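Dear colleague,

I am passing on the structure we talked about, and I would be glad if you could look it over beside the notes that come after it.

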Amino acid sequence: MTQEWMQKLGIQDEETAQKVEQLLEALEERSRLLTEKNAALEKEKTLAEEALQQAKKIGAVEKLILEAGGKNAKAILALIDLEEVKLDEKGNIEGLDLETVRKEAPYLFTEKEEKTKGTGFQAAYSRKKGKESEVAQTFRKALRR
C-alpha cells in the first residue's frame, strides 16, 4: 500500500499501517480462495446437470424399449450407442433405431400377438366346470329348481 493512501485514511502510526496491510492481504487471499471454491462448485453443478440429462435419456430409451416389446431393457440398452441418441426439451427421443436392434437380436423382444376381441360377456354359470357362482345358485333357488 502506498503511504499516500494511508494518509488519506488518517493512519499515521507505522504499526497500525502494517496491521491494516496484513488485514488487506488476508482479505485478498480469502477472496481468491472463495473465487476458486466458486469455480469448483460451478464445475460440480455442470457435471451434476450432465448426469441428470444422461439419466433422463436412459430412462426414456428404456421406456421405449419396453413399449416395443423388449424383454430385458438393460441388455438391449447395451446394444444401443447412446451417443447417437438425443433427448430434446420435450422428452422426445431422436436417433433411436430399435428395428435394427430387433433384427440383430430378435430373442430380446417378444413377438406382438394380436388378441381377439371379445364381447366382454362372462357367463355366471358354466356347466362345463360344474361349479355355480353365488348369483346362479341364488337364482336357481329362487326358481325352486
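Below is what was found in it, beginning with the chain as a whole and then going on to particular elements and residues.

Please keep in mind throughout that this is a predicted model. The chain has five helices and four strands, and, read along the sequence, these elements follow the pattern α-α-α-β-β-α-β-β-α. Of the 145 residues in the chain, 16% are buried, and the chain exposes about 12900 Å², with carbon and sulfur atoms supplying 51% of that area. Among the contacts between residues at least 6 apart in sequence, 44% join residues that are at least 24 apart.

Helix 2 is a good place to begin, as several of the later points return to it. Helix 2 runs over residues 14–67, which is 54 residues, and it reaches 79 Å from its first C-alpha to its last, close to the 80 Å expected at 1.5 Å a residue. The buried residues in helix 2 are Ala 17, Lys 57, Ala 60, Val 61 and Ile 65, and the helix is followed by Gly 69, whose phi is positive, near 95°.

Two of those buried residues, Val 61 and Ile 65, also appear in the largest nonpolar core, which has 16 residues and in which they are among those with the most contacts, together with Ile 76, Ile 80, Leu 82, Val 85 and Leu 98. The elements that give two or more residues to this core are helix 2, helix 3 (73–79) and helix 4 (98–104). As general background, nonpolar side chains in soluble globular proteins tend to be buried together. If neighbours within four places in sequence are left aside, Leu 82 is in contact with Gln 54, Lys 57, Ile 58, Val 61 and Leu 77.

Lys 57, which is found in helix 2, may deserve your attention. Lys 57 is buried yet has no salt bridge, and the nearest side chain of opposite charge, that of Glu 83, is 5.9 Å away; the cut-off for a salt bridge here is 4 Å between the nitrogen and the carboxyl oxygen. Again leaving aside neighbours within four places in sequence, Lys 57 is in contact with Leu 82, Val 85, Leu 87 and Ile 93.

Where, then, are the salt bridges? A search of the whole structure finds three. One joins the side chains of Glu 99 and Arg 102 at 3.9 Å, N to O, and these two residues, being three apart in helix 4, are separated by about one helical turn. Glu 99 counts as partly exposed, at 46% relative accessibility. Salt bridges that share partners join Glu 29, Arg 32 and Glu 36 into one network. Within this network, Glu 29 and Arg 32 meet at 2.3 Å, N to O, whereas Arg 32 and Glu 36 meet at 2.5 Å, N to O. Both pairs lie in helix 2, Glu 29 and Arg 32 being three residues apart and Arg 32 and Glu 36 four residues apart. Each of these residues is partly exposed, with relative accessibility of 35% for Glu 29, 39% for Arg 32 and 44% for Glu 36.

Finally, towards the end of the chain, helix 5 covers residues 134–143, and of its ten residues the number buried is one, so this helix lies largely in the open. Helix 5 is followed by Arg 144, whose phi is positive, near 60°.

With kind regards

How values were computed: Residues numbered from 1 in each chain as written. Predicted model: local features only at pLDDT ≥ 70, side-chain atom pairs only at ≥ 80, totals over all residues. Heavy atoms only, no water. Expected span 1.5 Å × (residues − 1). Buried < 20%, exposed > 50% of the residue type's maximum accessible area, 1.4 Å probe, protein only. Core = buried A, V, L, I, M, F, W, Y, C linked by side-chain atoms within 4.5 Å. Contact = heavy atoms within 4.5 Å. Lys, Arg positive; Asp, Glu negative; His and termini not counted. Areas by Shrake-Rupley, 256 points an atom, 1.4 Å probe, with all protein chains shown as cover.
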